[in-house]
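This report concerns internal cavities and aromatic contacts. The sequence and the structure are shown first.

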Amino acid sequence: MNIIRGFMTTFKHLSEEPVTLQYPEQVRPFQVRFKGRHHLRRYENGLEKCIGCALCAAACPADAIWVEAAENTDEARYSPGERYAKTYEINMLRCIFCGYCEDACPTQAIELGHEHQLSFTDRRDAIYTKDMLIDPVPEGGQDTPQQVEPGVFTRSIPVMPDAK
Amino acid sequence: MSDKVKIIIDDIEYEVPAGSNLVDMAKWYADNDIPVFCYHPKMEPVGMCRMCLVEQGSIVKDRETGEVVLDENGNPQVRWFPKLQTACTQIVHDGMVIRTNTEAVKAARENVVEFLLTSHPLDCPICDKGGECPLQNLTMAHGPGTSRMNYDDKMHLDKHVPLGDLIFLDEERCIQCARCIRFQDEIVGDDVLAFHERGRKLQIITNSDPGFDTYFSGNTTDICPVGALTTADFRFGARPWELTEVPSICPHDAAGSNISLSVRLDRDFGGRAMIKRVMPRQNEYVNEIWISDKTRFGHHFTRSEDRLKKPMIKKGGVLTEATWDEAIRFVVDALKAADGSVAAIAGSSTPNEDLWTLRKLVEGLGGGLLGAWTPTHAGADLVAQVGVGKGTNLGDLGQGDAVLIIATDLEEEVPIWRLRLKQAADRGAYLVVANARKTRMDDFASDTVRYDYGQAAHAMQNLDAAIAKKLKEANNLIIVAGAEGLTLDGSRALMQAAANFLIESGHIGKPNNGLLSPFPGANGMGLHYMGFSPEATLQIMQNPPKLLIVNQAELLADDPFAAEWLNKVETIISLNLFPDAVSNMAAAALPIQSFAERDGTFTNGERRVQRFYMAQGPMGEALPAWQVFSQLSEALGQGHAKLSAAAVMKEITENVEAFAGMRYKELARVERQFPDVGGEDLYYGGTAYQNKGGLGVQIETSADKGEAVSVGEVKLPDSPKPKKGQVLVVPVAQLFNRQSTFKPSVLVHPRVPQPYVEINSKDAARMNIKTGDLVEVMMADQIRVTVQAHVNGGAPEGAAVLPRYLTDEATPMVLTVGEIKKV
């Protein structure tokens, strides 16, 4: 009797749809809050959201982020504030994708996306530079550095339309 | 400070010195940090920010009997003041009772913080002060946590106001504590900052032209309790928590200011450690918590692209790059070929370790002459005998003490001494300034003395009777004798005359008494103790040896007359930071490391031996000079090369008597200093750093040791006499100049004056010269420079004051004669 009950279970599962996915051809949908590789965001006009404050680097438990800041001028403007990130690097081998950087960011410049297929053949390739991390310029926007009218950007931290 | 009073802080009784400030005492004795914004332990209290409010009372005494009235529990009865008092304006007195932890005090602090934040922009993420900001820290410690104010109502003001070329003001961040204004006024005496407007419109402005015209502007950024004042040098360079602090010593002048090099790796510097900023490090004996702008902004030379990066040796008459092995072999061959006719000249910023190894090398070869460069200031031996006593602190001078400053412009030569002696005068010290022209120190002097250029020693010997009497009768007397407008013989005569004066009046062998001299460079006294002298330099000039080793001395850039004798030297071995005219002539030009790249020690003008530590990544293949000399010695069979600067210092302690007991370990000793600065006390003293690298050890003078010192003969030399149509050309120091170690600090360039010569109005009228005219100054040997004429009353008749290191060509080092012609 027990044997029959056991085979019943087996046969029941034979008729079910398999849960195995043929990765990488098939990809499972991500949870909205999945933490993949980082993106540096831009405003609609193309200016970078990052102000180079290095709070992400300070919050990083793995010491994976390296930021060097410099000052904006109206002739060469990267971000709306006074300061921008001249160098922005993340070592993806060190990163533990905890998302603390995202939490620390005062301008929501860094966000963890859904890209997770990170593999390297050289350790040095694991260092993602600013060029690799930053979003492409949105349509209608201008690439940085921008030349802007003096007197437009006078705040040290920009007032953000989408502040939480 | 001997009288003690008893005060009660939070129910615990403390015995503290009478007459001292309550905030200081609560911190020092009770470890009770009363929060302050406007109060600073180095300045007079003003009670403006109200952050230090405490409950205060006094113990009730019976008026008739004078006995303490007790309450029913048998405790002394306290009469509390009806309202809170500002602790910073209270002087401690017997029976003072304060409470700092009651609800009323907490509420007051919360309200003050909330009020200060009503218009503060809260841009901490990008603020250079963020992370070491007193406002940030005190808000965390005492703030209300939330604000009742509307965020959108904040005042929006200009965030980028340049106060001069070096300091930026952010008007929004300023909390109007006036620390910067009071620092400039009280401590420096350059009253160039002020408040403008009133109420919410109140702003800091500068009222000088050029803006913020002072040599101490950087210190205001340290004491600013918010990020309102920031330096152009560091602006956005890094976040404070990312920096590593490396203790170091200022390489520019005889004060030997203790500094902290804030270091961080940098992509633009090839991923190596790089100096991001220079901060003061507390040493109450040397520079307190202040540094000059030259110290703060003069670090760029250490990583200038112009630095000599590879050893060069002469092959077929051309300097070509070589490996160190080749270079060492080449130099060894040259040293052997010189057959004992070897001499060395070392620059005045050469560290002690380099000097010692150089001396051993030269003496091992049978050479003997060790020259000090520049040969302008004599009398280091007299400073070693009757210099300021061990334990001297210029900050202790005050009422009843006297200082004589002669033949030097301290503002331009050693700004930190000028700052501290100005404060001594403020505290009541009798300050006499003697010079042939008006200098900045005259503004603070009690008496001034004028003499003719070249006659300083004569003036020293024949001081006005009333002045001499006051100096002799002072409790403590320090004489600061320079060499402005003197030849080397004249400098010796002046130093001897000054030493004689001190010996005769008995002001030697005790702290705060004795002789000081503003030697050029950071290690003028070290040169003396290691056996280098300017007199030997003159001998080398007269009888050039076959082979001359020149270490960190730019002979041709310093002295227009050097080419003549230098050409007679067969082989020159040059070690320098930069390729210069000497290394171009040399058979071998070897790259050496600057103070930032290595360990070492300097001996400052007060004979304090102080350590500096390796901070920055090396430039090219440069080595520390001691290592080069040590390797050469080994190759010549003089024994094994030393492997570390500490090992060299150990050898010095065993061989040079003055340095006995000065192992690196001893030099690194620290003690608690008043006031507590640095560490977690940012709110109190500003961002001057705590001294963790060592206070250094002061060398005892002969007089300190009780050895007999006797009055020496003053040989008044023949001063150069101008013939008809000639003038005396007087070289003077200019703090901001175009010397190779300062020129790479590009941000200071707007503050470096254009080359000029100061001419007396009578001479100018005779020669028909006006301010702004281009004139040519011609000296012996067809040496000439073209500079702008200034006729501003800065030169006595018959003299042309020619600042050094402003022109590309060399200008004279010592007093000479010349002609001036309008171009």
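What volume does the second largest cavity have? In this predicted model, the second largest cavity has a volume of about 110 Å³.

## Second largest cavity

The lining of this cavity consists of 14 residues, and those closest to its centre are B:Ala372, B:His377, B:Phe519, B:Gly524 and B:Leu527. Two elements of chain B give two or more residues each to this lining, namely β18 (370-373) and α15 (524-529). The greatest contribution comes from α15(B), which supplies 3 residues.

By class, the lining of the second largest cavity comprises 8 nonpolar and 6 polar residues, with no charged residues.

## Largest cavity

The cavities of 30 Å³ or more number 9, and the largest of them encloses about 180 Å³ of space. It is lined by 16 residues, with B:Thr221, B:Thr231, B:Phe234, B:Arg277 and B:Met279 lying nearest its centre. The elements of chain B that give two or more residues to this lining are the helices and strands designated α5 (218-223), β11 (229-231), β14 (272-280) and α6 (293-297).

The lining of the largest cavity divides into 5 nonpolar, 4 polar and 7 charged residues. Charged residues are thus present in the lining of the largest cavity, whereas the lining of the second largest cavity has none.

## Aromatic pairs

Over all chains, the count of aromatic pairs comes to 13. One of the pairs is formed by B:Phe602 and B:Phe612, whose rings lie 4.7 Å apart centre to centre with 35 degrees between the planes, a tilted arrangement. Because B:Phe602 belongs to strand β27 (residues 600-603) of chain B and B:Phe612 to strand β28 (residues 608-612) of chain B, the pair ties together parts that are 10 residues apart in sequence. Both B:Phe602 and B:Phe612 are buried. Ring pairs also link these two residues with B:Phe301 and B:Phe595 into a cluster.

A further pair involves B:Tyr683 and B:Tyr684: the ring centres are 6.0 Å apart and the planes stand at 45 degrees, so this pair is tilted. B:Tyr683 counts as buried at 5% relative accessibility, and B:Tyr684 is buried with a relative accessible area of 1%.

## Charges over rings

The ring of B:Tyr684 also has a charge over its face: B:Lys27 lies there, at 5.2 Å from the ring centre. In a second contact of this kind, the charged end of B:Arg272 sits over the ring of B:Phe269, 4.0 Å from its centre.

Notes
Residues numbered from 1 in each chain as written. Chains lettered and ligands numbered in written order. Predicted model: local features only at pLDDT ≥ 70, side-chain atom pairs only at ≥ 80, totals over all residues. Heavy atoms only, no water. 1 Å grid on protein atoms, 1.4 Å probe; cavity = no way out; pocket = protein on both sides within 12 Å on 5 of 7 lines; lining within 4 Å. Points joined across faces, edges and corners; volume = space filled by probe spheres on them. Helix = DSSP H or I, 4+ residues; strand = E, 2+ residues; numbered from the N terminus. Nonpolar A, V, L, I, M, F, W, Y, C, P; charged D, E, K, R; others polar. Phe/Tyr/Trp six-rings, centres within 6.5 Å; stacked < 30°, edge-to-face > 60°. Buried < 20%, exposed > 50% of the residue type's maximum accessible area, 1.4 Å probe, protein only. Lys NZ or Arg CZ within 6 Å of the ring centre and 35° of its normal.
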